[in-house]
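The following questions and answers work through helix packing, charged pairs and surface exposure, one topic at a time.

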Amino acid sequence: MAGNRDLRFDRCCSRVPAKKIGHVVLSGGRGYLEGARPQEETGFGAIREHIPIMRNAIVRARRGAPLFLGAAAVLVLLSPRARGTGAEPPEGSDDAIPLDRLLEYARAHGPDMLDAQDDIKMSKARVGSSVSRNLPRISMSNRLNFRHNNPDAYTYYIDIESGEECTDPESPTCLPIPIPVNIEESFTLPTESYSFSLNLTGYQPIFAPRQVLGAIKASRNLGMTRLRAERDEENLVMSLLIDYTTVQRSLEEEHIYRQSLEMARKMERIVATKLETGQATQLDYDQAVVDRMKAEQKLEQLIPERELDAALMAQDAGLEPGVSMQVCVLAGPPDPGDPLDLSDATSVKLLEQKVKVDKAGKTSAFAGYLPTVGAMGGLSFSGSGTNADEMKSDYMFDNWYVGGSLSWTLFDGFGRFHSSRSASVKLRQTRRDLENERAELRLNDEKYAQKLRYLAAQRDLMERSVALAERNATATMERYEAGHATYDMVDMALNKLEQQRLQLLGIIQAQWTLTAYRGIGAGQEKVVVERFLAGQDLERCTEVRAMVEAR
C-alpha cells in the first residue's frame, strides 16, 4: 500500500515532556525513521489540537513531584538490563504477570517507592530526635589521677659509744680507752598518690516552648513525608498505566497490520492473476509487491518496540527485563467525564499539611521571645590515697546539689523579629497556594472532563467511519477484480482503512490516558485501577516479554 498511513497517537502528541518523549522516540517514532510524510487532517489528525494529553495535564497540580523519569529512562532502556532493586519478583512470575499483580509488586518494590520508604524512616528519626530534647538528660563525668612526687630526703643517725677499759691488754677486743662513734647517713624515698572523682548531673526542661514546638513541627513534617510517598505511589501507578496503554496499543496495531497484510497479499495474488491475462500492468504488480513488503516490515518492527515498552514497565515496577507480563486489550468504557470529588487530591492534602507545618514554624518563631526554665541536680563521689600513709584512702560523697535554670534572651540583634516575620509571610504564601491549587484543580478537572466527553463522541464517529471504510475497501477490491477500478483506487481505499483504524485506536488510547491522569490527579487511584482492570478484555490477552536485546 503506497503512502505512509502510520498515523499514531504517539506522533500526534510528540510534545509530551520528559519521559514520554524518550518513550515515543523508542516505541512510537516509526514515522520519524521512515520519513515525515504528509498526514491528512481528518479523523484523529484534526482532533489532536484538542487533546494535549501530556501538556497541562491535571497532574501538574502536584508541584515538585516529577511524573516522568526523563531521558535517564531512555538511557536505561538502551542497556541490556534495566535498573533493578535486587528484590525477588512476584510469586509465580514464571507465568505472565497480570496488571493487578504488577501494580501490587511495584508499590512495594519499585525504585521510587523504596526511596519513599527510606524518606519516611528518616523523617521518623527526626521526630524522635526532636522529642528527645524535651526528655531528662543525665550525664556522668569521671576523673582518675595518679601522681608520682619527687623523692624526699630522709636522714638517720647511728651513735655508737662502746669501749671499755681493758684489764687484759692482750685481749683482741680490748680497747684501751672508750671511743665514741657517731654515724650520720641519709637516703631518699619517692612518694606516690592517686585520686578519683565521679560526678552525676541531671537536667530536665520544664518550660521550653521552642523545643516542644520543634517536636510538633517534626511530627507534621512526617505527615508531609507520608503524603509525598503517597504522591510518588500515584505517579508510579500512573506511569505504569500509561505504559500499559502503550503496550496494549501495540497489540491492537499488530491486529490491524495483520489485517492489512492479509489484504495486501490478497491484492498481490489478484494483480498477479490479472497480469498473466494482460488485464494489469507490471507497474501495478510491482506496487502490490512493495505494499505487501511494507506491511510485513511494520509487523516486524512492532515486536522490538513492544519489548522496549514492556522493559520500561518492568523498570518502573522494580523488575528486571526478561519477565513476562500479561497485557489485555482495553475494551471496556473509560472515564465518561462525570464530575469528580476533588477533596482527596494529594496535591491539596500536601498543601493543607504544609499549612500546618508553617503554622508550627510561625509559633516556634514567636516562642523565641519566651524564657526557658529547667531543673538540675548533681552528686559527687571522690576518693584519694598515698603510699606514705600505706595507701589508706578515704571515700565519701563530697557534695550534692539541686537547682534551677532560667534562660531568657533579651536582645539578639532583631533576629527573632525577622524570623517571626519570615514565618508569617511563608504561612500566608502557603495558604494562597492552597487556594490557587483548589481553583486550578477544579478548572483542570472540568477541562479534562470536556475532553473525555468529546473523545467519546469522536470515538463513536470514528467507529462508524471504520465500518464504512471496511465496506468501501472490500467493494473496491471486488470492482478491481471485475475490472471496474484501478489499482490506485484500491490502494487508496486500503490505506484509508488502515489509517482510520489507527486513528480509532489513538482515540481509545487517549481516552484511557486521560482517565489515568484525571482520576489519579484527583486522588482516586483505586477507582482508576479498578476501571482499568474492569476494562480489560480477558479473552484478548497476550504474553509480552520485557526483553531488551542488543540491536
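Q: At what angle do helices α10 and α11 pack, and is their arrangement roughly parallel or roughly antiparallel?
A: In this predicted model, helix α10 (residues 346–366) packs with helix α11 (residues 415–481) with their axes 9 Å apart, at an angle of about 165°. Because angles over 145 degrees count as roughly antiparallel, α10 is placed relative to α11 as roughly antiparallel.

Q: Which handedness does the crossing of α10 and α11 have?
A: Besides the angle of about 165° between α10 and α11, the crossing itself has a hand. For this pair of helices, the crossing is left-handed.

Q: Which helices are tied together by the salt bridge between R265 and E296?
A: The side chains of R265 and E296 meet in a salt bridge at 3.4 Å, N to O. The two residues are 31 residues apart in sequence, with R265 in residues 209–276 and E296 in residues 282–317, so the parts tied together are helices α8 and α9.

Q: Is D358, the salt-bridge partner of K354, buried or exposed?
A: K354 and D358 both lie in helix α10, 4 residues apart, which is about one turn of the helix, and their closest N and O atoms are 3.4 Å apart. K354 has a relative accessible area of 27% and is therefore partly exposed. For D358 the relative accessibility is 6%, and since buried means under 20%, D358 counts as buried.

Q: What is the approximate area of the nonpolar surface patch that includes F366?
A: F366 is found in helix α10 and, at 40% relative accessibility, counts as partly exposed. Together with Y369, W408, L410, F411, F414 and F417, F366 makes a nonpolar surface patch of about 840 Å².

Notes: Residues numbered from 1 in each chain as written. Predicted model: local features only at pLDDT ≥ 70, side-chain atom pairs only at ≥ 80, totals over all residues. Heavy atoms only, no water. Patch = residues over 30% accessible without salt bridge, like charges linked within 9 Å, V, L, I, M, F, W, Y side chains within 5 Å. Areas by Shrake-Rupley, 256 points an atom, 1.4 Å probe, with all protein chains shown as cover. Salt bridge = Lys/Arg side-chain N within 4 Å of Asp/Glu carboxyl O. Buried < 20%, exposed > 50% of the residue type's maximum accessible area, 1.4 Å probe, protein only. Axes fitted to C-alpha atoms, helices over the stretch in contact; angles between N-to-C directions. Parallel < 35°, antiparallel > 145°, perpendicular 65-115°, else oblique. Left-handed = near helix turned anticlockwise from the far one by under 90°.
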